[in-house]
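Thanks for coming. I will put the structure up and then go through some sites and some helix packing.

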2 protein chains.
Amino acid sequence: MIKIVREENKNINYIEKLKERAEELQVDVNMTVQKILEDVRKNGDEAVLNYTNKFDSCNVKSLLVTEKEIEDAYKSVEKEFIDAILLAKENIECFHRKQKNNSWIMTKDKGITMGQTVRGLDRVGVYVPGGKASYPSSVLMNVIPAKVAEVNEIIMVTPPSKDGSINPNILVAAKIAGVDKIYKVGGAQAIGALAYGTESIFKVDKIVGPGNIYVALAKKAVYGNVDIDMIAGPSEILIISDENGEAKYIAADLISQAEHDKLASSILVTTSEKLANDVYKEIQRQVETLERKEIIKESLKNYGAIIVTSSIKKAIEIANTISPEHLELMVNNPFVYLGNIKNAGSIFLGKFSPEPLGDYMAGPNHVLPTSGTAKFFSPLSVDDFIKKSSYIYYSRDALEDVKDKIIKIAETEKLTAHANSIKVRFEK
Amino acid sequence: MIKIVREENKNINYIEKLKERAEELQVDVNMTVQKILEDVRKNGDEAVLNYTNKFDSCNVKSLLVTEKEIEDAYKSVEKEFIDAILLAKENIECFHRKQKNNSWIMTKDKGITMGQTVRGLDRVGVYVPGGKASYPSSVLMNVIPAKVAEVNEIIMVTPPSKDGSINPNILVAAKIAGVDKIYKVGGAQAIGALAYGTESIFKVDKIVGPGNIYVALAKKAVYGNVDIDMIAGPSEILIISDENGEAKYIAADLISQAEHDKLASSILVTTSEKLANDVYKEIQRQVETLERKEIIKESLKNYGAIIVTSSIKKAIEIANTISPEHLELMVNNPFVYLGNIKNAGSIFLGKFSPEPLGDYMAGPNHVLPTSGTAKFFSPLSVDDFIKKSSYIYYSRDALEDVKDKIIKIAETEKLTAHANSIKVRFEK
């Protein structure tokens, strides 16, 4: 079970412990991945089909999901699910539209004109895991920012079931999000197909979406050839609360994070000894009623903690050090602390903004920096699906004004051909 | 020497050839790098000092550059150089200020309040190579965007000369750019110190700046522990011109790119057979007068080309496929083509906007995506030195409106503890 510790207890070495979760060397997996990638690069569709039928124990002849399959999926899913996904889509789109940056232009004396153009990437690949970890919400969160960024074509890949089908919830979510093409392929072979292109799958510019260790290592291997998103580590929540905290809500939120997987981490930092004890009891009560209780218990035991601290200020310091993926500020006036939060993926303010609201419905992205990387990484956003170019126009007069200074720096750097490029323009 | 080819010649497999430049496996170097990183992680300053004195053949006792050393540097550099750097700084700062994004907030019915905060990273490390490739302009281009992003502390590392000193031009540029601390350390040991921290060098959140293969592999190895910038490959220029092109300018610009190193690539795409021949002759004439002619000749021979094409439209297609780091549009009305350029790091418009203007003076960053990666990467910018957090506030009423839809999606995904986190808030 989760443990209660005092701030003064200097064995709060959670930060190191949290980081260690992510560090595992996978030499043999890496070799398998390299082999698959090389094969896909050389043999295209043939290799992709072979791996798919072998690893997914199925017998698919064609990788592309047909319109008929999507129609059938619509018929088989619940209407309430479709309605929920449609509202989620609307909210996610609304939030991400605010992230869009314009191309811009600036002018200066003597006709100088410069600026920056912003364009959506041409083609993006979205990886969606199959089986147990198959999440329609994840489809929305990865696809919608790309659509808002005006990416030309969005290709989704996901491994088929043994009967060659794809989870209908995933197909419906993909259609609603605006995916252009869906292929039945997963694992390193899917990443290879997206990175190098095959006869049926076009090469993309960027690959996003979570996956197992084969997918993660394959993405890492093709990085540079295409862009990739962050490598996602195990997930965390940190909740800050005082004596006004509602033990029942806090316990439920800590548990909801813990159900993700055994490596997930749930931490409460509170100024109230009483709340610490109440939450402890609530967790014990609630966990027994839940389906994934074995995972929850193990995660809370290994990576969970209730930390009692002397002040909210101190609690925020701990949060900034841990830099959690999700931070709930469950205090009476949460907005006054927003400016003090330096490092967190997403911040949930008040009693009625639980993490699952952000996971599914509110609008901000649920793809967030994990394992302390919120110190330097950011939530997935429209910015991840654009490319920028700068541009420069100088008139002859404008260049003449600065020519000697350019030549001086070029010559200091011993790049005399650079200096020459300026000189030839003003030779008699 | 550079060769002239016709567009119809289907052996224009430049793109593949350009990419191959960057692909070299470095297994043994990687092992050395891993060993150094591990040693620095464990033994801190002691390891850093040992490697520094060994690899840089010097005898430094203290890594930190003193105020006295910086004062002395100011005395030893030319006044004209300082003036040039001061103007460059002003221009670079002016351009990068326009890139700044604000934190923002949005409100919706029932008190919903959401948004995104933008903050500068806390601490950034800038790597500056020593020896031949020691470029003050590079110091400005890596440091100024970080300053504009309001990074709290900027630490520079650069290897010392044999006498334990640092190139005074670099010290002056660092001071002008606003570097907070400078340490005499280079190579993988510098990257290790910045990534893990030592007794004298604080751990940073992100490492930027170019370096040799040891530095590049060390950056790759510490990625995730800290953020890093793009791994820079060999440099390119592609110039598009028609019959109005000035052969002398074009030749000088192709050559200026070629002097960087033997792997640099310079390509002219022109609709004019006459211009192709004139540029060819001009290159032959100019190259003999330049100091770095051996490098220039080899680079032009291996990776240079003059491509004669049927139309500007076709030339732009070739440019978009190659996705060059630098693109010069040397035509009469270059602005009308700006919208057609999909992939390029920086675009130079007209006859008086040569690439060295962008390298040193105009204001846009000279750290640009190379080797075709402009398809998905962007110039270094203020965005590379910030982190974003999203935040969500929902009132009880607002959450109640969407509670059933959240529960529906959570249950579809079989994350029942997520559903429970919503349910407990509305239990009687």
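Where is the place of A:Asp359? A:Asp359 is in helix H13 of chain A, residues 355-360. Helices here are DSSP runs of H or I of at least four residues, strands are runs of E of at least two, and both are numbered from the N terminus.

Before going on, the sources. This is a predicted model, where local features need pLDDT of at least 70 and side-chain atom pairs count only at pLDDT 80 or more, while totals for chains, interfaces and linings use all residues. Residues are numbered from 1 along each chain as its sequence is written, chains are lettered from A and ligands numbered from 1 in the order in which they are written, and side-chain values use heavy atoms, with hydrogens and water left out.

Back to A:Asp359. With a relative accessibility of 7%, A:Asp359 counts as buried; buried means under 20% relative accessible area, exposed means over 50%, and partly exposed is in between, using a 1.4 Å probe and protein chains only. Leaving out residues up to four places away in sequence, A:Asp359 touches A:Ser137, A:Met141, A:His326 and A:His366, and also B:His418 from the other chain letter. Contact means heavy atoms within 4.5 Å.

A:Asp359 belongs to a UniProt "binding site" annotation, from an unreviewed entry, together with A:Gln257, A:His260 and A:His418. UniProt positions are in the numbering used here, feature names are shortened, and annotations may be inferred rather than shown by experiment. These four positions spread over 162 residues of sequence and are also spread in space, with up to 56.5 Å between C-alpha atoms.

A:His260 sits in the loop between helix H9 (247-258) and strand E10 (265-270) of chain A. At 24% relative accessibility, A:His260 is partly exposed. Its contacts beyond four places in sequence are A:Ser235, A:Arg292, B:Leu415 and B:His418. So much for that site; B:His418 appears in the contacts of A:His260 and in those of A:Asp359.

Next, the active site. The UniProt "active site" annotation, again from an unreviewed entry, covers A:Glu325 and A:His326. A:Glu325 lies in the loop between helix H12 (312-322) and strand E12 (326-330) of chain A, and counts as buried at 6% relative accessibility. Apart from residues up to four places away in sequence, A:Glu325 touches ten listed residues, among them A:Ser235, A:Gln257 and A:His366.

The loop between H12 and E12 of chain A also holds A:Ser323. A:Ser323 has a positive phi of about 50°, although it is not a glycine. Most residues other than glycine have a negative phi. A:Ser323 is buried, at 0% relative accessibility.

In chain B, B:Lys414 has a positive phi as well, near 60°. B:Lys414 is in the loop between helix H14 (396-412) and helix H15 (416-423) of chain B, and is exposed, with a relative accessible area of 57%.

What does UniProt list for the other "binding site"? The unreviewed entry gives A:Tyr127, A:Gln189 and A:Asn212. They span 86 residues in sequence, yet no two of their C-alpha atoms are more than 12.7 Å apart, so they gather at one spot. A:Gln189 is in helix H7 (residues 187-196) of chain A and is buried at 3% relative accessibility. A:Asn212, in the loop between strand E7 (206-208) and helix H8 (213-222) of chain A, is partly exposed at 45%.Last, helix packing. The axes of helix H5 (residues 136-148) and helix H6 (residues 168-177) of chain A come within 9 Å and cross at roughly 20°. Axes are lines fitted to C-alpha atoms, for helices over the stretch in contact, and angles run from 0 to 180 degrees between N-to-C directions. H5(A) and H6(A) are therefore roughly parallel; angles under 35 degrees count as roughly parallel, over 145 as roughly antiparallel, 65 to 115 as roughly perpendicular and the rest as oblique. The residues of this contact between H5(A) and H6(A) divide into nine nonpolar, one polar and one charged. Nonpolar covers Ala, Val, Leu, Ile, Met, Phe, Trp, Tyr, Cys and Pro, charged covers Asp, Glu, Lys and Arg, and the others, Gly among them, are polar.
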